[in-house]
Amino acid sequence: MDYYGVFGNPIEHSLSPIIHSQFAKQTGLDIKYEKILAPLDGFAKTAHMFISQGAKGFNITVPFKIEAFNLATQCSLNAQTAGAVNTIKKNGNELIGENTDGIGLVNDLTKNLNISLNGKTVLILGAGGATRGILLPLLNQQPKRLMIANRTASKAIDLAKDFSIYGNTCGFGLDKVKNDPVDVIINATSASLDGQMPDIATGVANGAICYDLMYGTQTPFMDWAKTNNAKMIVDGLGMLVEQAAAAFKFWTGKQPNTQEVIKNLRS
Ligand code: ATR
């Protein structure tokens, strides 16, 4: 049996064990996947202990993704640009770091929802870690323009500058969002945690696909999208399953059937 797990703090509500056990069943692999609560000041120590017990890899969630980036001995370009790691694979003495968040989002959009980003205008709200983690895979889809709007404008401007070698991107403050519709709006702010929706021009949502990285609840962003005539409103559950599938494939080489798992979780 191969051992895997997910590190976080808190970790109790993680759906990852359920998702990975369904992947294991689908692919006929004998896998044990557990939740591991690491102390806030003890991530690296706990992770090394897990590896020394024979684990082949693990996922990392809040608040340890940057520490996991530092723990990895090698990182993919994706993880390097994200500056964060959500998946580690043991390979001999190496701990290889990957970030599957952006790939998960892109796969949910393109494969599950049939939404191509190629040639589209995309607006991301927020310029924190969540946005940094998804930018490279989004830009790899070659949108016509990827705009980052943030409450603190300078963070959006800096982030766009960092990624401008990978595609057409720009950053500005929330007050500079135009009243013209875009194709896709992605909410990557943590405003919903405070029950808030960033105050932006409402016309931007008219006919747009509105995607919230959060899942499990109807967020203020989703309510705002509905009120302002969005064409489609999606939560981040599909992204959660797709980022897990990309991690599963990274570890095992096997591609699970994600649509089946998403359907199971929704029901
Ligand atoms: P995460 O890792 O989830 O991205 P983060 O790095 O703390 O968390 O970033 C949170 C993002 O949500 C930031 O872009 C933040 O805006 P600021 O950079 O101005 O702080 C944004 N955010 C949080 N609460 C918000 C609110 N009430 N309205 C608008 N944006 C908000």
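## The six-stranded sheet

In strand 3, I60 is the bridge partner of F7. That pair belongs to the link between strand 1 (residues 2-8) and strand 3 (residues 57-60), two strands that run parallel and are joined by two bridges. Please keep in mind as you explore that this is a predicted model. Strand 3 also takes part in a second pairing: three bridges connect it to strand 5, and here the two strands run antiparallel. One place to look is G57, which stands opposite K89 in strand 5.

How do these pairings fit into the sheet, and in what order do its strands lie? Six strands form an open sheet in the order 2-1-3-5-6-4, and the pairing is mixed. At the edges are strand 2 (31-37) and strand 4, each of which pairs on one side only. If you follow the side chains along a strand, it helps to know that in a regular strand they alternate between the two faces of the sheet.

## Around strand 6

Let us move on to strand 6. Strand 5 (residues 87-91) pairs with strand 6 in the antiparallel sense, over five bridges. Two of the facing pairs are easy to find: K89 stands opposite I96 in strand 6, and K90 stands opposite L95 in strand 6. K89 is a handy landmark, since G57 stands opposite it as well. Strands 5 and 6 make a hairpin with two residues between the strands, and in this hairpin G92 takes a positive phi near 60°.

Strand 6 also pairs with strand 4 (residues 74-75), this time in parallel, through two bridges. Here C75 stands opposite G97 in strand 6. Why can strand 6 (residues 94-98) be called largely enclosed by the rest of the structure? Four of its five residues are buried, so the rest of the structure largely encloses the strand.

## A serine after strand 1

S14 sits in the loop between strand 1 and helix 1 (16-27). Is S14 buried or exposed? Its relative accessible area is 18%, and because buried means under 20%, S14 counts as buried.

The side chain of S14 reaches the backbone nitrogen of S16 at 3.1 Å. Leaving aside neighbours within four places in sequence, S14 is in contact with V6 and K35.

## The ligand and its shell

Which residues come closest to the ligand? The ligand is surrounded by 14 residues, and the closest are A130, N150, T152, K155 and Q196. The shell divides into four nonpolar, eight polar and two charged residues.

Several short distances between polar atoms can be picked out here. An N or O atom in the side chain of T152 is 2.5 Å from an oxygen atom of the ligand. A127 takes part through its backbone, where an N or O atom lies 2.9 Å from a ligand oxygen atom. For Q196, an N or O atom of the side chain is 2.6 Å from a nitrogen atom of the ligand. On its own the ligand has 640 Å² of accessible area, and the protein covers 73% of that.

## F172 in strand 9

F172 has its place in strand 9 (residues 169-173). With a relative accessible area of 17%, F172 is buried. Not counting neighbours within four places in sequence, its contacts are L123, M147, I148, A149, N150, A153, A156, I157 and V177. N150 also appears among the residues closest to the ligand.

D158 is 14 residues from F172 along the chain, and the C-alpha atoms of the two are separated by 9.4 Å.

## Helix 6 and helix 10

Helix 6 (residues 129-140) has a number of buried residues, namely T131, G133, I134, L135, L136, P137, L138 and L139. Just after helix 6, Q142 takes a positive phi of about 55°. When looking along a helix, remember that an α-helix has 3.6 residues a turn, so residues three or four places apart point the same way.

Further along is I262, in helix 10 (residues 258-266). I262 counts as buried, at 10% relative accessibility. Apart from residues up to four places away in sequence, I262 touches D108, N112, L237, G238 and V241. A44 lies 218 residues from I262 along the chain, and their C-alpha atoms are separated by 32 Å.

How values were computed:
Residues are numbered from 1 along each chain as its sequence is written. This is a predicted model: local features need pLDDT of at least 70, side-chain atom pairs count only at pLDDT 80 or more; totals for chains, interfaces and linings use all residues. Side-chain values use heavy atoms; hydrogens and water are left out. Buried means under 20% relative accessible area, exposed over 50%, partly exposed in between (1.4 Å probe, protein chains only). Two strands pair if DSSP finds at least two bridges between them. A residue is near a molecule or strand if one of its heavy atoms lies within 4 Å of it. A polar contact is a pair of N or O atoms within 3.5 Å; within protein, one must be able to donate a hydrogen and the other to accept it, and residues adjacent in sequence count only if both atoms are side-chain atoms. Accessible areas come from the Shrake-Rupley method with a 1.4 Å probe; for residues, only the protein chains shown count as cover. Ala, Val, Leu, Ile, Met, Phe, Trp, Tyr, Cys and Pro count as nonpolar, Asp, Glu, Lys and Arg as charged, and the others, Gly among them, as polar. Contact means heavy atoms within 4.5 Å.
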